[in-house]
Amino acid sequence: ADKTPRDKGLDHSLTLLFEGYQFIPKRTARFGTDLFQTRLLGENVICITGQEAAKMFYDKERFQRDGAAPKRIQKTLFGENGIQTMDGSPHEHRKHLFMSLMTAPRLKKLGELTHKYWEQKASKWRKKDKIVLFDEAQEVLCQAACEWSGVPIKKTEVTQRAADFSNMVDAFGAVGPRHWRGRKARARAEKWIRQVIRKIRSGKLEAEEETAAYAMAFHKDMEGKPLDIRMAAIELINVLRPIVAIATYITFSALALHKRPELRDELEDGNDDYIQMFVQEVRRYYPFGPFLGARVRRGFIWNHCHFNEGQLVLLDIYGTNHDSRLWENPNTFSPKRFKNWNGGLYDLIPQGGGNYYKNHRCPGEWATIEAMKASLNFLNQLDYKVPKQNLHYSLVRMPTLPNSRFIMTNVKSKEA
Ligand code: HEM
C-alpha cells in the first residue's frame, strides 16, 4: 500500500497561501520525507523536494507541462500557451529560439547595457535625498531589456512599462486586486509588444538580427509557419519581463551586503570569482520562485508512492535550495560554499533544473547572472547609507521582497 504521508484536511489551498515558501518545507520536515500528498484546489497533489526529486521531475517520460499551469497564472505571469506550457519536440524547437539569444557576446552586451543605464540613473541621484533601490533597479533593467531586445521605449514610458512587467510577476501567489493588477498589466504590455512585432514584420521598424524582437518576429515553428502576432508578443515578453524581475535579486544582494558588511571587502576587490559565488549564493539563499508544477504523463511508482496519470506534482524550489543534505548550514548566507560546488544540474535550482535545451530550465539563467554582476559592480562603486527601515521579507507572500524595497541615502560615487 501507498504509505506516502498525507496532509490531513479537505483542502490546503488556503494553507498554501498562508504558509507561502514554507508550505512544502514545513511538511517534508514534519513527515521526514521527500514527498507527501495534499489537496489543493480540489485535486490530490504530490509535493516533492530535494535533488533526487528534481532529477525525477525533469524526466520528460514521466512529466508534462501541458495542463499544469493554471489559467490564472497564464493570464498574468506567463502569457497564454507560451513556452512554459509546451512539451516534446515543439518545446525543444521553441527553446532553441530562446537559447539562441544567449551567446557570449550578447550576454556581455546585456551586462554593458545594465551598467550604462545604472550610470544614467545615478546621475539624477545627487538631487535626491533618498532612493528606493528596487524601484530604480526595475527601471534600469527595463531600459536595458528593451534596448538589448530591440524594443524601442520612450523615456517617458519607462516607469509605466517597468511597473507592468513587475505587476505580472507580482500576481503569482495573488488572489483579488493583485491578481487583477497583473492581468491589466499583461493586457497593456501585450498590446504594446504586438504593435512592435507588427512594425518589425512590415519593415516600419528595424530590429537587428541578433535581438529578441527580430527573433520572435521571424521565428518559424516546426511546420515552417511564423508565430501568430499574439504568440510572438507573448514570447518577446517572456524575455523582457524576467529581465526586469532581476531587480528582486539586486535588492536581495544589497540586503545581503547590508547584513554582512564584512563581505564587502572581498566584493570590492573586483575579484570575478568571488562576485560569481556571491551571485550564486543570493540566488540560492533568497526566496523567489517557490515551486514548479507539472502533470504526470504516464503513471509510475517512485519512493513507494503512486504517481497517477494526470496528477499534479509540485517540486519545491525554495526547500531544495535550503536542503541540508545538499547545503551545509543552509540558512547561513555564505558565498564561499560555491568554491567547491560541482555545478550540479539539480541542486541549485532557483531557475529550475536539468538541461537548458531539453528541459524547461530557465534560458535566462546566464543573463540573470550577468545583469546581477554588472549591478553589483556598479553598487560597489557607490558610497551610501542605509537608514532605519523595515527590511524584513515575508516568507508567506509570493513573490517576496524586503518590505521597504531597500532605501538608500547619501548616495554618491566613491571617486567623487
Ligand atoms: C523559466 C526563474 C530570469 C526567461 C523559468 C523557470 C524558473 C525561472 C523557476 C521555470 C523552470 C521550469 O519550469 O522548469 C527565473 C528567475 C529569474 C529568471 C528567478 C531571475 C529574475 C529570466 C530571464 C529570462 C527568462 C532573464 C530571459 C531573458 C525564461 C523563460 C522560461 C523561464 C522563457 C520558460 C522556459 C521553458 O519553459 O522552457 N525561469 N528566471 N528568465 N525563464 Fe526564467
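The following exchange concerns the core, strands and one helix of a predicted model.

Residues are numbered from 1 along each chain as its sequence is written. Local features need pLDDT of at least 70 and side-chain atom pairs count only at pLDDT 80 or more, while totals for chains, interfaces and linings use all residues.

Trainee: Which helix gives the largest share of the largest nonpolar core?

Mentor: A nonpolar core is a set of buried Ala, Val, Leu, Ile, Met, Phe, Trp, Tyr and Cys residues joined through C-beta atoms within 7 Å. A residue is buried if 20 or more other C-beta atoms, placed from the backbone, lie within 10 Å of its own. The largest such core has 107 residues, with Leu236, Leu240 and Ile243 among those with the most contacts inside it. Its largest share, 18 residues, comes from a DSSP run (H or I, at least four residues, numbered from the N terminus), namely helix α11 (residues 229-259).

Trainee: In which sense does β2 pair with strand β8?

Mentor: Strands are DSSP runs (E, at least two residues), and two of them pair if DSSP finds at least two bridges between them. Strand β1 (residues 35-40) and strand β2 (residues 43-48) are joined by six bridges in the antiparallel sense. With β8 (residues 312-316), β2 forms four bridges, and the sense is parallel.

Trainee: Which residue of β8 is the bridge partner of Ile46?

Mentor: On the β1 side, Thr38 stands opposite Val45 in β2. For Ile46, the bridge partner in β8 is Val313.

Trainee: What span does helix α15 reach from its first C-alpha to its last?

Mentor: Helix α15 (residues 365-379) has 15 residues. The expected span is 1.5 Å times one less than the number of residues. The span reached is close to that expectation, at 21 Å.

Terms used
Buried ≥ 20, exposed ≤ 12 C-beta atoms within 10 Å, placed from the backbone.
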